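Trainee: I would like a close look at one part of this model, with the reasoning spelled out. Please start from the residue I ask about and then work outward.

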Amino acid sequence: MAAMQPSEFIAVVAPVAVQLRCEGSPIFASVRIAQAACETGWTLHDWHNLVGFKVGSGKTNAYWKGAYVNKGTWEVYDGAKKDVTALFRAYDSITDCFCDQDLLFMGWDNYKLICAAATPDEQCRAFISTPLKYATDPDYATKLLRV
């Protein structure tokens with residue numbers, strides 16, 4: 001799939017992000033859209049993982065049924081960017097992806113700063129300041145804030 005124009009991407013992702021926030025998601029809709037853009041390069045894949053959520057323990061739940069894709073990505077280890085291959089969760093819908101991420105954030109004390117953020121700016125910064133950082137990229141918060 002090719003990258004979309006930001007306006008097209010936002011037109012698809014924003015209604016879901018706003019609805020979930022209105023229903024009690026701890027993630028600000030603007031932060032969720034920015035993260036989806038950064039994680040996908042403004043691309044909607046058929047596996048609907050817009051948040052870079054890896055398989056992890058492999059434990060399924062109401063939103064993730066165990067499907068995954070194996071794809072190349074990069075991580076930052078000891079200050080150096082490394083190309084890696086990882087297993088990423090595949091979802092039936094964008095909503096399932098975002099709801100699964102909410103389960104992660106609300107279920108772990110390590111992510112309580114993300115959930116407790118009072119502003120989108122604070123929430124973006126919390127993605128890399130939490131005890132268990134969401135991303136290895138030290139510039140992750142800055143990238144989210146730019147979007």
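Trainee: In the hairpin of β1 and β2, which residue takes a positive phi?

Mentor: The model is a predicted one. The residue is Asp 78, with a positive phi near 50 degrees, in a hairpin that has two residues between the strands. The strands on either side, β1 (residues 68-77) and β2 (80-89), pair in the antiparallel sense. Ten bridges make up the pairing of β1 and β2. Two of the pairs can be used to check the register. Trp 74 has Asp 83 in β2 as its bridge partner, and Val 69 stands opposite Phe 88, also in β2.

From the hairpin, go on to helix α3. Strand β2 is one of the elements against which the buried residues of α3 pack. The others are α1 (6-22), α2 (29-40), α4 (112-116) and α5 (120-129). Helix α3 itself covers residues 94-107, 14 in number. At 1.5 Å a residue α3 should span 20 Å, and its end C-alpha atoms are 20 Å apart, so the expected and modelled spans agree.

Helix α3 is mostly covered, with ten of its 14 residues buried. Nonpolar residues on that buried list include Ile 94, Phe 98, Leu 104 and Phe 105. Asp 96, Asp 100, Gln 101 and Asp 102 are on the list too, as are Cys 97 and Cys 99.

Take Asp 102 as the polar case. Asp 102 lies in α3 and counts as buried because its relative accessible area is 6%, under the 20% limit. The side chain of Asp 102 makes a polar contact with the side chain of Arg 32, at 2.7 Å. Arg 32 is itself among the buried residues of α2. Setting aside neighbours within four places in sequence, Asp 102 is in contact with Ser 25, Pro 26, Ile 27 and Arg 32.

The cysteines need a separate check. A search of the whole structure finds zero disulfides. For Cys 97 the closest cysteine sulfur is that of Cys 99, 9.2 Å away, which is too far for a bond. The cut-off is 2.5 Å between the sulfur atoms. Cys 97 has 0% relative accessibility and therefore counts as buried. Cys 124 is likewise in no disulfide, the nearest cysteine sulfur being that of Cys 38 at 8.5 Å. Cys 124 is buried, with a relative accessible area of 4%.

Now the partner helix, α2. Its twelve residues should span 16 Å at 1.5 Å a residue; the end C-alpha atoms are 16 Å apart, so this helix also agrees with expectation. Nine of the twelve residues in α2 are buried, among them Val 31, Ile 33, Gln 35 and Thr 40. The buried residues of α2 pack against α1, α3, α5 and α6.

Thr 40 is in α2 and is buried because its relative accessibility is 11%. Its side chain reaches the backbone oxygen of Ala 36 at 2.7 Å and the backbone nitrogen of Thr 43 at 3.2 Å. Not counting residues up to four places away in sequence, Thr 40 touches Phe 9, His 45, Asn 49 and Leu 50. Gly 41 follows α2 and has a positive phi near 65 degrees.

These helices also meet in the core. In soluble globular proteins, nonpolar side chains tend to be buried together. The largest nonpolar core here has 36 residues, and the members that touch the most others are Val 13, Leu 50, Phe 98, Phe 105, Phe 127 and Tyr 134. The elements giving two or more residues to this core are α1, α2, α3, α5 and α6 (140-146). Of the members with the most contacts, Phe 98 and Phe 105 are on the buried list of α3.

Phe 127 shows how the parts connect. Beyond four places in sequence, it touches residues including Val 31, Gln 35, Gln 101 and Phe 105. Val 31 and Gln 35 are among the buried residues of α2, while Gln 101 and Phe 105 are among those of α3. Further contacts of Phe 127 are Ile 114, Lys 133, Tyr 134, Ala 135, Tyr 140 and Leu 144.

How values were computed
Residues numbered from 1 in each chain as written. Predicted model: local features only at pLDDT ≥ 70, side-chain atom pairs only at ≥ 80, totals over all residues. Heavy atoms only, no water. Helix = DSSP H or I, 4+ residues; strand = E, 2+ residues; numbered from the N terminus. Expected span 1.5 Å × (residues − 1). Buried < 20%, exposed > 50% of the residue type's maximum accessible area, 1.4 Å probe, protein only. Contact = heavy atoms within 4.5 Å. Core = buried A, V, L, I, M, F, W, Y, C linked by side-chain atoms within 4.5 Å. Pairing = 2+ DSSP bridges. Polar contact = N/O pair within 3.5 Å; in protein donor to acceptor, adjacent residues only side chain to side chain.
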